Amino acid sequence: MSATTTAANQSLLEMIAADEQTLLRTGQAARELLARHADLPLKGARLRFDSEIRLNPHTADGVRAWAERLGAETTTDTSDPGYGPVFRHTAAEVTIDGTLVRVWHCHILDDAEAAAWRENRGRS
């Protein structure tokens, strides 16, 4: 093996090691976050590369509870792809010690909710 190939392989291994360390730190942050806020509703938690934790409560109210606890703002967006169901996404994001925490919930509007939303296009 040439010195160039060895150096390239070493560089790739260093990249993998760096990714492993980032994911390890993200996992540790997620465990600490869940332990600290064990009383808040949650049905799922996922780690993403690039220092991101995604938390999925059962309801939009769960997102709002997490957002309040974490000091984040909640956003709600309703989207209609023009066919099929209408989706209401509720989310909050905050960065804690360099780790992005994204709390989200997706609600599929029932037929009556969707019809009312389409009629008003989200206007109150």
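**Close-up views of the predicted model**

**View 1. The lining of the largest pocket is made up of R25, Q28, A29, E32, L33, R36, I53, I96, D97, T99 and V101.** Two elements, helix α1 (3-36) and strand β5, each give two or more residues to this lining, and α1 gives the most, with 6 residues. A pocket here is an open set of points on a 1 Å grid over the protein atoms alone where a 1.4 Å probe fits, with protein on both sides within 12 Å along at least five of seven lines, and its lining residues have an atom within 4 Å of a point. Helices (H or I, at least four residues) and strands (E, at least two) are DSSP runs numbered from the N terminus. The model is predicted, so that local features need pLDDT of at least 70 and side-chain atom pairs count only at pLDDT 80 or more, while totals for chains, interfaces and linings use all residues. Residues are numbered from 1 along each chain as its sequence is written, and side-chain values use heavy atoms, with hydrogens and water left out.

**View 2. Five strands form an open sheet with mixed pairing, in the order β1-β2-β5-β4-β3.** Because β1 and β3 (74-79) each have a single partner strand, they stand at the edges of the sheet, and one side of each is left without a neighbour there. Strands are taken to pair if DSSP finds at least two bridges between them.

**View 3. Strands β1 (residues 44-48) and β2 run antiparallel and are joined by 5 bridges.** The two strands form a hairpin with 3 residues between them, and in its turn D50 has a positive phi of about 65°. Within this pairing, I53 of β2 stands opposite L47, and the same I53 is among the residues that line the largest pocket. Strand β2 (residues 52-56) is mostly covered, since 4 of its 5 residues are buried, where buried means under 20% relative accessible area, exposed over 50%, and partly exposed in between (1.4 Å probe, protein chains only).

**View 4. Strand β5 (residues 99-108) is paired with β2 in the parallel sense, over 4 bridges, and with β4 in the antiparallel sense, over 10 bridges.** V103 of β5 appears in both pairings, as the bridge partner of L55 and also as the bridge partner of A92. The hairpin of β4 and β5 has 2 residues between the strands, and in it D97 takes a positive phi near 50°; D97 is also one of the residues lining the largest pocket.

**View 5. Strands β3 and β4 (residues 87-96) pair in the antiparallel sense through 6 bridges.** Along this pairing, T76 stands opposite T90 of β4, while T78 stands opposite R88 of β4. R88 in turn stands opposite H107 in β5, so this view can be followed from T78 through R88 to H107.

**View 6. In helix α1, which contains T26, the side chain of this threonine reaches the backbone oxygen of T22 at 2.9 Å.** T26 counts as buried because its relative accessibility is 1%. R25, one of the lining residues of the largest pocket, precedes T26 in the numbering.

**View 7. L40 lies in the loop between α1 and β1.** With a relative accessible area of 11%, L40 is buried. From L40 to T76 the separation is 36 residues in sequence and 20 Å in space, taken from C-alpha to C-alpha; T76 is the residue that stands opposite T90 in β4.

**View 8. Around helix α3 (residues 111-120), a side-chain oxygen of D110 reaches, at the start of the helix, to within 3.1 Å of the backbone nitrogen of A112.** Just after α3, R121 takes a positive phi of about 50°.

Technical notes:
A polar contact is a pair of N or O atoms within 3.5 Å; within protein, one must be able to donate a hydrogen and the other to accept it, and residues adjacent in sequence count only if both atoms are side-chain atoms.
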